[in-house]
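Me: I should like to learn how to read the features of a protein model. Please take me through them one at a time.

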Amino acid sequence: MQDAFHTHFHALPKALALAVSGGSDSLGLLVLAREWAALHGVALSVVTVDHGLRPEAKAEAAYVGELCQGWGLGHHILTWRDHPATGNLMAEARSARYRLMSDWAETEGIGDIALGHTADDNAETFVMGLMRGAGLDGLSGMRPQFETHGIRFHRPVLGIERGALRSLLESRGISWVDDPTNEDDHYDRVRVRKALASLEGLGLDFGKSIANLRSTRGDLMQELWTRIEGGLAVTPIDLRLEEEVFLSLSRDLRRRYLNIALRYVGGADYPPRADKVQRLVDGAYQETATLAGALVYLRKGVIHIAREPVAVQNIEADVGALWDRRVIAQGPEQTAKVRTLGENGLRQIGAIWRETGHPRRSLLGSPAVWCGETVIFAPFAGVFHPDWAFNCKWDVTSLRTFVLTH
């Protein structure tokens, strides 16, 4: 078990946060991480998300805080308050958890967060995929690492069984809390967990099957990248793939490219509905289409995937903060805001944007620095300022990583 972190982290982060709820999985993660970090000089901190859904959660977070204090580790509690009135509460809670942790990590200057998902979670995810009739992607298990909201998330104990982590905690005299929802049969995952327990003794090796499927999927994504790399351009306002290259791909690789590109641009955690992606595969991109917060259109033999303007019209960021996972503005006016250029911005700057060669449809969802109601910096639309710059997160390197890890 002690090798889990050594195996996972090929490059050591300077600082690593641990998501710890107080359950056995995350406390096992904490114990292993603490020893690994001390050996390699990695600064550790711990974060607990209180979803505000159970009264016991406050005490559980406090328990984690006591452990951290005893070990000299910083501990932070994040509370989810804006609960939705309707919809899938568990899915919303999951989304809020990642958003809260990412925002906090960005504020703290931390780029990496480790999660306590185990081999048991991976097996449950695999079986839940079977229940949905999932294909290769849905049966390839949890990703060992991924990036969302500008933060890298890691699952270093994904190959370790829950029982092993509990034995580790017992050997150290550390108790854990049991979330009562883990026994609630209303949830698919709980029913699957109980079903898997009844299969013990049959010699099923879900980990091996998942590893085989993941390896096959990895080969496919590597082939996809090799096939598109020569015809692909990543700009700060859109992705551009030559239609000829797109049409040379098999239908499966076309679907994979669209799923990846739509998530990279739109920021969704999961691919869009399969039937909607299939319509794009079949040529719907030849007319302007919107899907998953992205705009897809064909122009001069190139398929553009840009941010859908309406999806970003209410997103605003301060100077120095990440806007729409894409840019960080750096400049002298701290009261200025980053917002989308939009129709108002384009009207304000006049015809100068035409000289950039960028399509108007992609520029509508591009970032601009606004001082009040005035655009003062929109370099992608031709409005420059010597004191301002954008630190752009979209580039070929980040897209390649996204393709190969998602």
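The dialogue below goes through aromatic pairs, charges over rings, a pocket, cysteines and backbone angles.

Me: What kind of model is this, and how are residues numbered?

Reply: This is a predicted model, in which local features need pLDDT of at least 70 and side-chain atom pairs count only at pLDDT 80 or more, while totals for chains, interfaces and linings use all residues. Residues are numbered from 1 along each chain as its sequence is written, and side-chain values use heavy atoms, with hydrogens and water left out.

Me: How many aromatic pairs are there?

Reply: A pair of aromatic rings is described by the distance of the centres and the angle of the planes. Rings of Phe, Tyr and Trp (its six-membered ring) pair if their centres lie within 6.5 Å; planes under 30 degrees apart count as stacked, over 60 as edge-to-face and the rest as tilted. By this rule there are 13 aromatic pairs. One of them is the stacked pair of Phe9 and Trp36, at 5.0 Å centre to centre with 25° between the planes.

Me: Which parts does the pair of Phe9 and Trp36 tie together?

Reply: Helices (H or I, at least four residues) and strands (E, at least two) are DSSP runs, numbered from the N terminus. Phe9 lies in the loop between helix 1 (3-8) and strand 1 (15-19), and Trp36 in helix 2 (residues 24-40), so the pair ties together parts that are 27 residues apart in sequence. Ring pairs also link Phe5, Phe9 and Trp36 into a cluster.

Me: Are Phe9 and Trp36 buried or exposed?

Reply: Buried means under 20% relative accessible area, exposed over 50%, and partly exposed in between (1.4 Å probe, protein chains only). Phe9 and Trp36 are both buried.

Me: What is the geometry of the pair of Phe246 and Tyr257?

Reply: The ring centres of Phe246 and Tyr257 are 6.4 Å apart and their planes stand at 65°, so this pair is edge-to-face. Phe246 belongs to helix 9 (residues 243-248) and Tyr257 to helix 10 (residues 251-266), so parts 11 residues apart in sequence are tied together. Phe246 and Tyr257 are buried.

Me: Which charged end sits over the ring of Phe246?

Reply: A charge sits over a ring if NZ of Lys or CZ of Arg is within 6 Å of the ring centre and within 35 degrees of the ring normal. Over Phe246 it is the charged end of Arg254, 5.9 Å from the ring centre. Likewise, the charged end of Arg326 sits over the ring of Trp394, 4.7 Å from its centre.

Me: How many disulfides are found, and how accessible are Cys68 and Cys371?

Reply: A disulfide is a pair of cysteine sulfur atoms within 2.5 Å. The search of the whole structure finds 0 disulfides. Cys68 counts as buried at 0% relative accessibility, whereas Cys371 counts as partly exposed at 33%.

Me: What is the phi of Asp324, and where is Asp324 found?

Reply: Most residues other than glycine have a negative phi. Asp324 has a positive phi, near 50°, and is found in the loop between strand 13 (322-323) and strand 14 (327-330). Asp324 is buried, with a relative accessible area of 7%. Arg325 lies in the loop between strand 13 and strand 14, and its phi is positive too, at about 60°, although Arg325 is not a glycine.

Me: Where is His117, and how far is it from Ser175?

Reply: His117 is in the loop between strand 4 (112-114) and helix 5 (119-131) and is partly exposed, with a relative accessible area of 21%. The C-alpha atoms of His117 and Ser175 are separated by 18 Å, and these residues are 58 residues apart along the chain.

Me: How much space lies in the second largest pocket?

Reply: On a 1 Å grid over the protein atoms alone, a pocket is an open set of points where a 1.4 Å probe fits, with protein on both sides within 12 Å along at least five of seven lines; lining residues have an atom within 4 Å of a point. Grid points are joined across faces, edges and corners, and a volume is the space filled by probe spheres set on the points. The second largest pocket holds about 820 Å³. Of its 35 lining residues, the closest to its centre are Glu147, Thr148, His149, Gly150 and Ile151. Helix 15 supplies the largest share of the lining, 5 residues.
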